[in-house]
Structures are given as structure tokens and as C-alpha cells.
Amino acid sequence: MIFIFSGPSGVGKSTIIDAIRQKRDFQFSVSYTSRNIREGEYNGEDYNFVSESDFLKLVEDDFFIEYEKYGRNYYGTSRNSVNDSTNSLILDLEVNGATKLLSSNKDYVGIFIDIDDKELIQRLTKRGHDEAFIDERMRLAEYQRSFRDKFHYKVDNKDINTTVNKILDIIYSLEER
Ligand code: 5GP
């Protein structure tokens with residue numbers, strides 16, 4: 001099974017995916033991106049970091065099953081990572097790429113992780129962002145939520161452990177079918 005995780009920016013998707021992978025052995029699709037590597041990230045583990053021109057060459061070669069420009073950077077999922085997966089696979093995608101794949105005819109399971117506005121504001125404030133940045137993020141979250149109904153499952157992330165358990169329950173119930 002292939003699980004597509006998406007949701008508003010800042011919802012805590014990567015933390016949730018890491019926690020799920022610690023509890024169960026899922027494959028994770030390592031995307032390609034043209035953005036700069038951040039402190040604490042590893043090439044080939046968090047992303048395959050490539051230059052913008054190399055990314056665009058890969059696009060021309062039809063290397064990606066989906067790709068998007070998000071902010072100023074490109075992000076894409078290689079066809080191989082999806083086609084060669086032998087185990088349950090997790091994809092972490094922004095909403096446009098996620099819904100494109102979900103509307104294709106493959107059997108993807110879409111999980112939309114959401115967060116309430118108050119919680120999102122609190123998180124962004126804690127990270128030291130100013131009001132203008134927070135307003136922009138809230139508008140973005142509203143746009144991202146407009147894709148919510150295109151996902152099979154919606155989970156509100158109030159508390160990480162509860163969220164992880166809810167998602168694992170969803171996955172186990174699907175596997176029992
Ligand atoms: P970040 O730069 O914070 O790591 O990621 C920004 C956004 O890009 C996140 O919402 C993440 O889910 C999304 N993303 C990561 N990889 C891919 C990908 O391969 N395709 C698409 N469409 N989005 C991706």
C-alpha cells in the first residue's frame with residue numbers, strides 16, 4: 001500500500017512520519033528537491049538535494065511521477081521509488097502533488113493531517129515568527145485545507161502520540177481487509 005501524507009505547512013507531518021516509522025517498518029520515498037539543505041538534514045536520507053537545473057533536466061527525462069514548485073523550490077517524487085516499492089510506502093507531499101496522485105488510477109491512500117488554527121498560531125509564535133509571516137501561513141493553511149475532502153482520511157494533530165496511534169489504526173484496519 002502507498003500512503004500519501006499531506007496537510008497544512010507546520011502541522012508536524014515529518015515528526016509524525018518519523019514516529020510512525022519508529023513503530024513500524026515502512027519504506028519512505030525520499031523526494032528530490034532543489035532547495036538548500038538545512039542543518040541536521042542528510043542528502044539521500046531527508047531528500048536528494050539537486051540543483052534547480054539538474055531538477056529540471058530530470059523533469060525533461062520524465063523521471064518524476066509528480067513534481068511541484070512549492071515556494072521558490074521544486075520537489076518531486078521519482079517514478080522508481082513508487083514503482084519499485086516492495087513494502088508499505090509513505091510519501092510526504094504538499095497538497096497539489098498529493099491530490100494529483102490521488103486522482104490518478106493507482107491505489108493510493110490519502111491521509112490529511114490537520115491542526116486547529118489556534119495551535120498553528122501557537123507553534124509559529126513559539127518558533128519566533130512575526131505577525132505578517134503568521135498571517136501569510138494562516139492564509140496558506142486555508143488554501144491547503146480546501147484540498148481536505150480529496151483525502152480518504154483526516155486526522156487532527158492535537159497530540160503526537162494520539163495522532164500516530166490513530167494513523168496506525170487506519171493502516172492496520174486497511175491491511176486486515
Ligand atoms: P520542506 O521544504 O519543508 O522540507 O517541504 C516543503 C513541502 O514540500 C512539504 O509540504 C512537503 O510535504 C513537500 N514535499 C516534499 N517532497 C515532495 C515531493 O516529492 N512532491 C511534492 N509535491 N511535495 C513534496
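A polar side-chain atom of R38 lies 3.3 Å from an oxygen atom of the ligand, and this contact is a convenient place to enter the structure, which is a predicted model. Two further side chains make comparable approaches to oxygen: in K13, an N or O atom of the side chain is 2.6 Å from an oxygen atom of the ligand, while in Y75 a polar side-chain atom lies 2.4 Å from an oxygen atom of the ligand. Taken alone, the ligand exposes 520 Å², and the protein buries 88% of that area.

The space that the ligand takes up is the largest pocket. Strand 5 and strand 6 are the elements that give two or more residues to the shell around the ligand. That shell holds 15 residues, of which K13, Y47, E66, Y75 and D92 come nearest to the ligand. Sorted by class, the residues of the shell are seven charged, four polar and four nonpolar.

From the ligand, the reader can turn to the sheet that contains these two strands. Strands 4, 3, 6 and 5 form, in that order, an open sheet of four strands with mixed pairing. Its edges are strand 4, at residues 48–49, and strand 5, at residues 64–70, each of which pairs on one side only. Strand 5 pairs with strand 6, residues 73–78, in the antiparallel sense, and six bridges connect them. Within this pairing, E66, one of the residues that come nearest to the ligand, has T77 in strand 6 as its bridge partner, and Y70 is partnered by N73 of strand 6. Strand 5 and strand 6 make a hairpin with two residues between the strands, and in that hairpin G71 takes a positive phi near 65 degrees.

A second sheet completes this walk through the structure. It is an open sheet of five strands with parallel pairing, and its strands follow the order 2-7-1-8-9. Strand 2, at residues 27–28, and strand 9, at residues 153–156, stand at the edges with a single partner strand each, so one side of each is left without a neighbour in the sheet. Strand 2 runs parallel to strand 7, residues 89–92, and two bridges join them; here Q27 stands opposite L89 of strand 7. Strand 7 spans residues 89–92, and D92 is among the residues that come nearest to the ligand, which brings the reader back to the starting point.

Technical notes:
Residues are numbered from 1 along each chain as its sequence is written. This is a predicted model: local features need pLDDT of at least 70, side-chain atom pairs count only at pLDDT 80 or more; totals for chains, interfaces and linings use all residues. Side-chain values use heavy atoms; hydrogens and water are left out. Two strands pair if DSSP finds at least two bridges between them. A residue is near a molecule or strand if one of its heavy atoms lies within 4 Å of it. A polar contact is a pair of N or O atoms within 3.5 Å; within protein, one must be able to donate a hydrogen and the other to accept it, and residues adjacent in sequence count only if both atoms are side-chain atoms. Accessible areas come from the Shrake-Rupley method with a 1.4 Å probe; for residues, only the protein chains shown count as cover. On a 1 Å grid over the protein atoms alone, a cavity is a set of points where a 1.4 Å probe fits but cannot get out, and a pocket is an open set with protein on both sides within 12 Å along at least five of seven lines; lining residues have an atom within 4 Å of a point. A molecule sits in a cavity or pocket if more than half of its atoms lie within 2 Å of its grid points. Ala, Val, Leu, Ile, Met, Phe, Trp, Tyr, Cys and Pro count as nonpolar, Asp, Glu, Lys and Arg as charged, and the others, Gly among them, as polar.
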